Amino acid sequence: MEKPKPIIANAPCVISSKSKSKSKQYLDCVFRYFDENGDGKISPGELRDCMRVSGGEELSLEAAEAVVQSADSDGDGLLGFDDFVNLIDAQEEEERVRSLKEAFEAYEAKKGGGCITAKSLRRALRQRLGEARSVEECREMIRRYDENGDGVISFEEFRKMMMMV
Ligand SMILES: [Ca+2]
Ligand SMILES: [Ca+2]
């Protein structure tokens with residue numbers, strides 16, 4: 001099954017708002033936009049219509065049901081407001097991890113190798129940021145975030161490192 005694009009990107013009130021703040025008001029606005037019949041719940045059909053109207057990816061009813069099911073806490077086959085917020089959160093988290101993975105790949109010693117070494121860090125800094133660092137400096141940077149002390153940065157360690165900066 002193909003993964004639908006993040007739902008939140010398809011809501012017009014999101015597109016018009018420059019800030020990506022997740023205020024209650026803002027989520028409320030998105031929620032109401034999805035909730036066509038105003039019963040305070042989002043059905044798979046509503047989710048689907050909404051994606052279509054807003055020019056998002058065409059979603060099959062089965063796919064919409066699967067999305068709803070993934071966040072449906074009380075099992076009624078509909079999304080209440082809290083479920084909806086959780087769904088958005090989960091999707092944003094997924095999005096964040098995806099872009100982190102991309103960044104990580106650029107620093108990896110070997111594509112798919114799963115670690116950043118002092119050498120690969122040095123190369124990536126030079127290529128991507130035009131920063132010339134010595135291997136020693138790169139070793140030092142790695143040491144700072146190398147939690148398990150294996151001398152390289154794993155994706156998990158990289159993730160924590162990025163959260164700190
Ligand atoms: Ca509804
Ligand atoms: Ca490590």
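## Crossing of helices 3 and 4

Helix 3 and helix 4 cross in a right-handed sense. This is a predicted model. Two packed helices are described by the angle between their axes and the distance between the axes. Here the helices span residues 44-53 and residues 61-71, and they pack at an angle of about 115 degrees with axes 8 Å apart.

On the helix 3 side, the residues in contact are Pro44, Gly45, Leu47 and Arg48, and from helix 4 they meet Leu61, Ala64, Glu65, Val67 and Val68. By type, the residues of this contact are six nonpolar, one polar and two charged.

## Buried side of helix 3

Which residues of helix 3 are buried? They are Pro44, Glu46, Leu47, Cys50 and Met51. Viewed down the axis, these residues fall within an arc of 165 degrees, so they line one face of the helix. The cover over the buried residues of helix 3 includes helix 2 and helix 4.

Pro44 and Leu47 are both buried and take part in the contact with helix 4.

## Two sides of helix 2

Helix 2 covers residues 24-34, and its buried residues are Tyr26, Leu27, Val30, Phe31 and Phe34. They lie on the same side of helix 2 because they cover an arc of only 140 degrees around the axis. An α-helix has 3.6 residues a turn, so residues three or four places apart point the same way. The face turned away from the buried side of helix 2 carries Lys24, Gln25 and Arg32, which are exposed.

## Val30

Val30 is located in helix 2. Is this residue buried or exposed? Val30 counts as buried because its relative accessibility is 0%, where the cut-off for buried is under 20%.

Val30 can also be placed relative to Phe84. The two are separated by 54 residues in sequence, while their C-alpha atoms are 9.6 Å apart in space.

## The protein as a whole

The protein has eight helices and zero strands. Along the sequence, the pattern reads α-α-α-α-α-α-α-α. Helices 2, 3 and 4, described above, belong to this set of eight helices.

The protein has 165 residues, of which 35% count as buried. The exposed area is about 10,100 Å², and carbon and sulfur atoms supply 51% of it. Among contacts with a separation of 6 or more, 42% are between residues 24 or more positions apart.

Notes: Residues numbered from 1 in each chain as written. Chains lettered and ligands numbered in written order. Predicted model: local features only at pLDDT ≥ 70, side-chain atom pairs only at ≥ 80, totals over all residues. Heavy atoms only, no water. Axes fitted to C-alpha atoms, helices over the stretch in contact; angles between N-to-C directions. Helix = DSSP H or I, 4+ residues; strand = E, 2+ residues; numbered from the N terminus. Left-handed = near helix turned anticlockwise from the far one by under 90°. Contact = heavy atoms within 4.5 Å. Nonpolar A, V, L, I, M, F, W, Y, C, P; charged D, E, K, R; others polar. Buried < 20%, exposed > 50% of the residue type's maximum accessible area, 1.4 Å probe, protein only. Arc of directions from axis to C-beta. Areas by Shrake-Rupley, 256 points an atom, 1.4 Å probe, with all protein chains shown as cover.
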